[in-house]
Amino acid sequence: MQGKTLFMERVISRTRDWQCRFPALSASSQIADSMSHGRQIVAAATSSAGVRCVFFSNHGSVLDFSATWDELERAKTWWYFVRRWNFWVVSTDAELRALRIADDEPVLGVTLNVATVECGETLRFFALLDAAETRARGFIDVIAAIYAPAAAASNPGSPMSEAA
């Protein structure tokens, strides 16, 4: 099965509630200085059977996808591209290694060292997503702190300026 077909048949488009719960993850692909350096973020949990990925797409949607390792092996061209293109957020170093393309080509991402997450349990998966959101907000807060004084100085009537 072609990778794009596998993805389209399996993907679940999550509601706007997910976007509202994870705004920093959703916005990171639009911000060059974000945790992902402007790449689309994918939070993932792996198991011996396969992987669950939640894509915070660069066009604002939140897409939930699961597949077995065997299915991904058959969709290898698409899966290779997905691993190289995105910024991955996982619970452990072992999970980041499981996503590697080859030993000499690590996947760009971060491990959050949160409790191991089960692929199929959405409530437990939220623990990973919540930790990723907290980390992503930290980057956005730093960026806002750096640029806020400059923005206020360039617009003296702004409510951000000290004179206001």
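Which residues lie nearest the centre of the largest pocket, and how many residues line it? I took this as my starting point, keeping in mind that the model is predicted. I found that 13 residues form the lining, and that Gln-40, Phe-55, Trp-78, Phe-81 and Val-82 are the ones nearest the centre.

**Entry: the pocket.** I looked up the volume of the largest pocket, which comes to about 240 Å³. I then sorted its lining by class and noted seven nonpolar residues, five polar residues and one charged residue. Turning to the elements behind the lining, I saw that α1 (3-10) and α5 (76-85) each supply at least two residues, and that α5 gives the most, with four residues.

**Entry: Gln-40.** I next asked where Gln-40, one of the residues nearest the pocket centre, is placed in the chain, and I located this residue in the loop between α3 (23-27) and β2 (41-46). Is Gln-40 buried or exposed? I recorded Gln-40 as buried, because its relative accessibility is 13% and the cut-off for buried is under 20%.

I followed the side chain of Gln-40 to its polar partners and noted that it reaches the backbone nitrogen of Asn-58 at 3.1 Å, while it also makes a polar contact with the side chain of Asn-86 at 2.9 Å. Setting aside neighbours within four places in sequence, I listed the residues in contact with Gln-40 as Ser-29, Phe-55, Phe-56, Ser-57, Asn-58, Asn-86 and Phe-87. Phe-55 therefore appears both in this contact list and among the residues nearest the centre of the largest pocket.

**Entry: cysteines.** How many disulfides does the structure hold? I found zero disulfides, and I went on to check the accessibility of two cysteines. Cys-20 counts as exposed because its relative accessibility is 61%, the cut-off for exposed being over 50%, whereas Cys-53 is buried, with a relative accessible area of 0%.

**Entry: the chain as a whole.** I closed by looking up the overall layout, and I noted seven helices and six strands in the chain, which follow the pattern α-β-α-α-β-β-β-α-α-β-α-β-α when read along the sequence. Of the 164 residues in the chain, 41% are buried. I also looked at how far apart in sequence the contacting residues are, and recorded that, among contacts between residues at least 6 apart, 54% join residues at least 24 apart.

Methods. Residues are numbered from 1 along each chain as its sequence is written. This is a predicted model: local features need pLDDT of at least 70, side-chain atom pairs count only at pLDDT 80 or more; totals for chains, interfaces and linings use all residues. Side-chain values use heavy atoms; hydrogens and water are left out. A disulfide is a pair of cysteine sulfur atoms within 2.5 Å. Buried means under 20% relative accessible area, exposed over 50%, partly exposed in between (1.4 Å probe, protein chains only). On a 1 Å grid over the protein atoms alone, a cavity is a set of points where a 1.4 Å probe fits but cannot get out, and a pocket is an open set with protein on both sides within 12 Å along at least five of seven lines; lining residues have an atom within 4 Å of a point. Grid points are joined across faces, edges and corners, and a volume is the space filled by probe spheres set on the points. Ala, Val, Leu, Ile, Met, Phe, Trp, Tyr, Cys and Pro count as nonpolar, Asp, Glu, Lys and Arg as charged, and the others, Gly among them, as polar. A polar contact is a pair of N or O atoms within 3.5 Å; within protein, one must be able to donate a hydrogen and the other to accept it, and residues adjacent in sequence count only if both atoms are side-chain atoms. Contact means heavy atoms within 4.5 Å.
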